[in-house]
Amino acid sequence: MEKTGRIIKSISGFYDVFDNESETIIRTRARGNFRKRKIKPVVGDKVTFDATGDLGYILEILPRENSLVRPPIANVDQAIVVTSSAQPNFSSNLLDKILINLEHNKIEPVIYLTKADLLTDEQYQQLKKDLLGYHQADYLVFDDRDSYNDEQIAKLEETFADKVTVFTGQSGAGKSTLLNHIDTELGLATAEISQTLNRGKHTTRQVSLFNIADGLVADTPGFSSIDLMDISAEELPTLYPEFLDYSGGCQFRGCRHVNEPGCAVKEALSEGKIMQSRYDNYLYFLNEINSYKKRY
Ligand SMILES: Nc1nc2c(ncn2[C@@H]2O[C@H](COP(=O)(O)OP(=O)(O)OP(=O)(O)O)[C@@H](O)[C@H]2O)c(=O)[nH]1
Ligand SMILES: [Mg+2]
Ligand SMILES: [Zn+2]
């Protein structure tokens, strides 16, 4: 009998599927022909499956609304970009890359600052200034000094209802720790990051979806870098919400906002309506994308 459901966990070749009808979790395997067709089911996939035997079988993966490679997950509405202030240090370059990838996949980003308790007052005030540009871009930004401030956590939870939300960000940024504060029954493994490398050691190893606050929420393994391979130089400026506020006023259609005359984005930049670091990272990424093109 053919059933429908959603993959909520993937563990070494097995997929746990939430069965829409019985509202129970059924362990399945993927049919052999998926491998032949080079399709790999991922967490978040909506599937049809057969559950007549002891072990279910995934029959078909329904068309994806979107999918991410890092972390591997499909059909996501919103992403909480967990961004640490220290250990690992704040990087606007990495944050902007993550935001661009989310915009490219039509996933709504939310920025959530962690570990600001490790900063001096002065460093924290500076970091808040460095985050102003993200408010200008109309992103929802949670930047309390205390990552686990009850009021802030309650506000975050309000965004989960009727959505699929993925927690993403650098390894060691505090994704699992934050989720444990949101739902104290989760008991997710967390670990101190390796001090010598100032780099995480990937404590969370798989993507899992949980039912939290009337939504589905995923913890995922962190990463230390991502690339922009899927994004073209034409698309890049369209992935900056604050550029779109002004680009209609550029003299040339398809203006890249670099050296073109009559560029409304550069004008907004000079008036402080667009943050310099966002723009500098934009030029940097444009170069990076152009250098991929030369290689192929
Ligand atoms: N001081 C401080 N430490 C924090 C905060 N958030 C997380 N940590 C610590 O940072 C370390 C890493 O946290 P995790 O939750 O394991 O990080 P993660 O993002 O899940 O890492 P991966 O699973 O490897 O991607 C742990 O030792 C946490 O206790 C915070 O707001 N302040
Ligand atoms: Mg984790
Ligand atoms: Zn322009």
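How many aromatic pairs does the structure hold? In this predicted model, the structure holds 8 aromatic pairs, and the views below take up some of these together with the surroundings of the two ligands and one further ring.

**View 1. Y240 and F243 form a stacked pair of rings.** The ring centres of Y240 and F243 are 4.5 Å apart and their planes meet at 15°, so this pair is stacked, since planes under 30 degrees apart count as such. Y240 is buried, with a relative accessible area of 0%, and F243 likewise counts as buried at 0% relative accessibility.

**View 2. F243 and Y282 form an edge-to-face pair.** Here the ring centres lie 5.2 Å apart while the planes stand at 85°, so the pair of F243 and Y282 is edge-to-face. F243 belongs to helix α7, which covers residues 241-247, and Y282 belongs to helix α9, which covers residues 276-295, so the pair ties together parts that are 39 residues apart in sequence. Both F243 and Y282 are buried. Seen together with their neighbours, Y240, F243, Y279 and Y282 are linked by ring pairs into a cluster.

**View 3. R29 lies over the face of the F14 ring.** The distance from R29 to the ring centre of F14 is 4.5 Å.

**View 4. The magnesium ion, ligand 2, is coordinated by two side-chain oxygens, OG of S176 and OG1 of T204.** Both S176 (OG) and T204 (OG1) coordinate the magnesium ion at 2.0 to 2.1 Å. S176 lies in helix α6 (residues 175-182), whereas T204 lies in the loop between α6 and β12 (208-212), so the pair ties together parts that are 28 residues apart in sequence. Both of these residues, S176 and T204, are buried.

**View 5. Ligand 1 has 21 residues around it.** Of these 21 residues, S147, Y148, S171, T177 and T203 come nearest to ligand 1. In the side chain of D117, an N or O atom is 2.8 Å from a nitrogen atom of ligand 1. An oxygen atom of ligand 1 is 2.5 Å from an N or O atom in the side chain of T177, and an oxygen atom of ligand 1 is also found 2.8 Å from an N or O atom in the side chain of T204. Taken alone, ligand 1 exposes 660 Å², of which the protein buries 87%. T204 thus appears in two of these views, with its side chain 2.8 Å from an oxygen atom of ligand 1 and with its OG1 atom coordinating the magnesium ion.

How values were computed
Residues numbered from 1 in each chain as written. Chains lettered and ligands numbered in written order. Predicted model: local features only at pLDDT ≥ 70, side-chain atom pairs only at ≥ 80, totals over all residues. Heavy atoms only, no water. Phe/Tyr/Trp six-rings, centres within 6.5 Å; stacked < 30°, edge-to-face > 60°. Buried < 20%, exposed > 50% of the residue type's maximum accessible area, 1.4 Å probe, protein only. Helix = DSSP H or I, 4+ residues; strand = E, 2+ residues; numbered from the N terminus. Lys NZ or Arg CZ within 6 Å of the ring centre and 35° of its normal. Donors = N, O, S within 2.8 Å, 3.2 Å for Na, K, Ca; no water. Near = heavy atom within 4 Å. Polar contact = N/O pair within 3.5 Å; in protein donor to acceptor, adjacent residues only side chain to side chain. Areas by Shrake-Rupley, 256 points an atom, 1.4 Å probe, with all protein chains shown as cover.
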